[in-house]
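Colleague: Please put the model up. I have some questions about how it is built.

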Amino acid sequence: MSTTALRPVRRRPRIWLYAIMIVFAGFYLLPIFLLLITSFKSFEEVSLSRMWDLPRGLHFQSFTRAWEAMGSSFINSLQLVIPATIISCILGSLNGYVLAKWKFRGSDLIFTAILFGMFIPYQSVLIPLVRVLSGMGLYGSINGLILVHVVYGIPITTLIFRNYYASVPTELVEAGKIDGADFFGIYRHIMFPLSIPGFVVVAIWQFTSIWNEFLFGLIITSAPEKRPVTVALQNLSGSQFTQWNVQMAGALLVALPTLLVYIFLGRYFLRGLLAGSLKG
Amino acid sequence: MSHANIREFAPSDVARRRRWLTRDRLIALLMLMPSVVAIAVFVYGFIAWTGYISLTAWSGIAPDYTFVGLENYRTIFRSVRFQTDIRNTVVFTLFFLLSNLILGLVLALLVDARVKGEAIFRSIYLFPMAVSFIVTGVAWSWIFTPGNFPSDPTGINLLLDRLGLDALQSAWITDKRVLPEFRPSWARTKLGVPMAMLPVVVAATWQMSGFTMAMYLAGLRGIPEDLREAARVDGASEWQVFRRITLPMLQPVTLSAVIILGHISLKIFDLIMTMTGGGPGNATDVPGVFVYDITFNANKIAQGAAAAIVMLVMVAVLIVPYIVYNARTEVER
């Protein structure tokens, strides 16, 4: 064997690798840095020409103002996202269970047809949606928004759970059947306990996407007192009467819940993301 | 199942089992039914309804289902604004895809180099995915607010000023230029790259490139190390290993990424609304904003429906083959 083959793989100096990675990290942290330094400035310090200067102390006036403008929307979003996430999880789990372990003729086709709903531009359903919700007396209400998010959440939640249950050995289900367990027995004693991580992935996914959603909130809740928080922030940022430091503080408030979820449960968040690209 | 096994069941057992199975199958179908009905109505039914509205004369608050054929499609495709929107979507999609694929791959390779603190860097690159497009829009719109440069710059222009890079200052989201501007006889709008779109691409890339990185990272981890090692032993340089092994094996990931990112960019709405509102002029207007504006502000319901169907067709062309392909390979597995 020649000596070149035995030569250890030459690696570039690590220091360069770190330098490049830190520069990229700077790019990703820049907007958050700006949000933070601006939000904590006092009103006297806020000036566009000193935008990148650090605050001279920690001031919370911007947050107080932002909360005055958006606090009720924040509560609306919580009232929307919690029930919608729970219902989505239950529905998705049942669908996934049926489509993975109780397959019937055409079930794969139905699954594929459901999946398409995940990718459509929601602009293509808005007009009928508004009319049907009005007919049901749900237009403009948080309950209407919950219904919408649950329905359009069916594809992704079904997908994640189905892929999850598909990895559970069918022998377990067969064994359950032989032991006399019925549909719900197998679900409760075998599938459900095994799929707790699946529930975490789906719950995080639905929480994040419903919290961050904008279009449905904009269309379905016309009254300001029913608005979800993203719509409230958009209104705040579009208003010329709101100082920009208040907008920045508002943006931080909106970002906070999903960022906390990301920081503490990032691993599950990533799994949901990758499942969304169908390759689960 | 072998014969011995079957004989162990008493006939009554078998009958009971079969009865249980059918009952369970029925329950399974019943459990799936609400979701199937919901999707049938809210996705397929509503799309059909929107499609029908797009063929009517409905303009105003009260529904008007007078059939006018493809008139609305003709109207929007002849309008300066919608032509501009199509141009903008094409430009945005191309730049967005290119920047995401390159940045995503570079980040994945960096993180995959297994340096200390890899997890922290990965988390930093990926965190924008957890944030709303509205938050992204608010933050980046202030970064890209030019101010009165060069005398009184703000945002990134101010940063460039401090770094002595005044030459790079630009009007960013207020830039009205379209480069290179040209107008063929059939077009009612200037063709080229609307400069105000570039900051929006930066913000969108900031948000989505971590996701692209995660996809590439999953792909990279799926490439057997022996394969690359074997090539190195055969005397291949690192560049050759990358060029001949890594890159070809990442092709399926690239295809998935193009489809997922592409359909997101065709639907882009939130970010545009917050960053530019479609301006200046219509320089960053896109079909998603057009549908919203024409339908809910101008009340030209049928025209809005037509534009929405155009959006749907663009997305479907990209997505349907992908879903079908995924379903097929799944069955084979």
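Modeller: Helices (H or I, at least four residues) and strands (E, at least two) are DSSP runs, numbered from the N terminus. This is a predicted model, in which local features need pLDDT of at least 70 and side-chain atom pairs count only at pLDDT 80 or more, while totals for chains, interfaces and linings use all residues. Residues are numbered from 1 along each chain as its sequence is written, and chains are lettered from A and ligands numbered from 1 in the order in which they are written.

Colleague: How many helices and strands are there in chain B, and what is its radius of gyration?

Modeller: Chain B contains 14 helices and four strands. The globule rule (2.2 Å times the number of residues to the power 0.38, with the radius taken over C-alpha atoms) gives 20 Å for 333 residues. Chain B is well over that value, so it is more spread out than a compact globule, with a radius of gyration of 27 Å.

Colleague: What are the spans of the C-alpha trace of chain B along its principal axes, and what share of its residues is buried?

Modeller: The trace spans about 95 × 70 × 35 Å. A residue is buried if 20 or more other C-beta atoms, placed from the backbone, lie within 10 Å of its own, exposed if 12 or fewer, and partly exposed in between. Of the 333 residues in chain B, the buried share is 43%.

Colleague: In which loop does B:W172 lie, and is B:W172 buried or exposed?

Modeller: B:W172 sits in chain B, in the loop between α7 (155–162) and β3. Its phi is near 45 degrees, a positive value in a residue other than glycine. Most residues other than glycine have a negative phi. B:W172 has 24 C-beta neighbours inside 10 Å and therefore counts as buried.

Colleague: Which residue just after α13(B) takes a positive phi?

Modeller: The place to look is the loop between α13 and α14 (301–332) of chain B. The residue there has 14 other C-beta atoms within 10 Å, so it is partly exposed. With a phi of about 60 degrees, it is B:N299.

Colleague: How many residues of helix α13 of chain B are buried?

Modeller: Helix α13(B) covers residues 287–297 and is largely enclosed by the rest of the structure. Its buried residues include B:P287, B:F290, B:Y292 and B:T295. Out of 11 residues, the buried ones number eight.

Colleague: Which proline follows B:G279 through a cis peptide bond, and which one follows B:L179?

Modeller: After B:G279, the cis bond has an omega of about -5 degrees and leads to B:P280, which is found in the loop between α12 (270–275) and α13 of chain B. After B:L179, omega is about -15 degrees. That second proline lies in strand β3 (residues 178–182) of chain B and is B:P180.

Colleague: What radius of gyration does chain A have?

Modeller: Chain A is built from 12 helices and zero strands. Of its 280 residues, 48% count as buried, and its C-alpha atoms fill a box of roughly 80 × 75 × 35 Å along the principal axes. A compact globule of 280 residues would be near 19 Å, but chain A has 24 Å.

Colleague: At which residue is α6(A) kinked?

Modeller: Helix α6 (residues 142–166) of chain A reaches 35 Å from its first C-alpha to its last, close to the expected 36 Å (1.5 Å times one less than its number of residues). Of its 25 residues, 21 are buried, so α6(A) is largely enclosed by the rest of the structure. The bend (the angle between axes fitted to the seven residues ending at a residue and the seven starting there) is about 45 degrees shortly before the proline A:P155, at A:I154.

Colleague: How many residues on the side of chain B that touches chain A are nonpolar?

Modeller: Counting residues as in contact if their C-beta atoms, placed from the backbone, lie within 7 Å, the contact takes 74 residues from chain A and 79 residues from chain B. Helix α2 (residues 11–53) of chain B gives the most to chain B's side, with 18 residues. Ala, Val, Leu, Ile, Met, Phe, Trp, Tyr, Cys and Pro count as nonpolar, Asp, Glu, Lys and Arg as charged, and the others, Gly among them, as polar. That side divides into six charged, 14 polar and, as nonpolar, 59.

Colleague: Which residues touch the most other members of the largest nonpolar core?

Modeller: A nonpolar core is a set of buried Ala, Val, Leu, Ile, Met, Phe, Trp, Tyr and Cys residues joined through C-beta atoms within 7 Å. One of the residues in question touches A:L35, A:L233, B:V135, B:V138 and B:A139, not counting residues up to four places away in sequence. In this core of 170 residues, the two are A:A251 and B:A307.

Key:
Two residues are in contact if their C-beta atoms, placed from the backbone, lie within 7 Å.
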